[in-house]
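Thanks for coming, everyone. I'd like to walk you through a chain that will be new to most of you, so let's put it up on the screen.

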Amino acid sequence: SYLAFERLPQILPAATPVRYVPVLFAGLLRHWGNVGPAEIPPKRRFTFEHVAWIAHRDQAPLAMPAVHPFNPLPLLRLAVALELEGRLARETLAPLLRFVWRHGHVAQQQAEFEAL
């Protein structure tokens, strides 16, 4: 989602409305009785390599979090709170996505979350 988010302004006309919706990927996986690609070693390696390739191709800064998969709930809850306030627009979502995928933080500690 971070890489798509960074690419959207280059592929969509400027006036195109976009609605950003927080999604708990683990919830979808659990619902369908599946595991994520990061939990299957060959898929994990391919996924990480492919994501790095896409970031390089698109010249999108990328710093993978040291721990992955990680618990995204604090960040998703913040995104939901912003959405409920009507503020989940590109300019408010950008710091959340970049905090994790551009700077490699996961906001698991209170100090990290407060820095965000």
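Let's start with contacts. Take the pairs in this chain that touch and sit at least 6 residues apart in sequence: 68% of those contacts join residues at least 24 apart. Do keep in mind that this is a predicted model.

What is the chain built from? Six helices and zero strands. So if you read from the N terminus on, you just get α-α-α-α-α-α.

Now the overall dimensions. The C-alpha atoms fill a box of roughly 40 × 35 × 30 Å along the principal axes. For 116 residues, a compact globule would have a radius of gyration near 13 Å, and this chain comes in at 15 Å, which agrees. Of those 116 residues, 24% count as buried. As for the outside, the chain exposes about 8000 Å², and carbon and sulfur atoms supply 61% of that.

A quick word on charge. There are 12 positive and 9 negative side chains, and the centres of the two sets lie 6 Å apart.

Okay, let's zoom in on the start of the chain. Helix α1 covers residues 2-11, and in it Y2, L3, F5 and E6 are buried. What do these buried residues pack against? They pack against α3 and α5, the latter being residues 90-101.

Let me pick out two of them. The one I'd look at to begin with is F5, in helix α1. F5 has a relative accessibility of 2%, and anything under 20% is called buried, so F5 counts as buried. Who does F5 touch, if we leave aside neighbours within four places in sequence? The list is Y20, R90, L93, A94, L97 and R98. Look at A94 in particular: F5 and A94 are 89 residues apart along the chain, yet their C-alpha atoms are separated by 8.2 Å.

Next to F5 in the sequence is E6, also in helix α1. Is E6 buried or exposed? Its relative accessibility is 13%, so E6 counts as buried. Not counting residues up to four places away in sequence, E6 touches R90, R98 and R102. And R90 and R98 should ring a bell, as they were on the list for F5 too.

On to the aromatic rings. How many aromatic pairs does the chain have? The count comes to two. One I'd like to show you is F70 with W101: the ring centres are 6.1 Å apart and the planes are at 50°, so the pair is tilted. This pair links distant parts of the chain, with F70 in the loop between α3 and α4, W101 in helix α5, and their positions 31 residues apart. Both partners are tucked away: F70 is buried, with a relative accessible area of 17%, and W101 is buried, with 18%.

Last stop, the residue just before F70. That's P69, and it lies in the loop between α3, residues 41-58, and α4, residues 73-84. Whereas F70 is buried, P69 is partly exposed, with a relative accessible area of 45%. Which residues does P69 touch, again not counting those up to four places away? They are A38, E39 and R44. If you'd like a distance to orient yourself, the C-alpha atoms of P69 and Q110 are separated by 19 Å, and the two residues are 41 apart along the chain.

That's my tour. Happy to take questions.

Terms used. Residues numbered from 1 in each chain as written. Predicted model: local features only at pLDDT ≥ 70, side-chain atom pairs only at ≥ 80, totals over all residues. Heavy atoms only, no water. Helix = DSSP H or I, 4+ residues; strand = E, 2+ residues; numbered from the N terminus. Rg over C-alpha atoms; globule rule 2.2 N^0.38 Å. Buried < 20%, exposed > 50% of the residue type's maximum accessible area, 1.4 Å probe, protein only. Contact = heavy atoms within 4.5 Å. Areas by Shrake-Rupley, 256 points an atom, 1.4 Å probe, with all protein chains shown as cover. Lys, Arg positive; Asp, Glu negative; His and termini not counted. Charge placed at Lys NZ, Arg CZ, Asp CG, Glu CD. Phe/Tyr/Trp six-rings, centres within 6.5 Å; stacked < 30°, edge-to-face > 60°.
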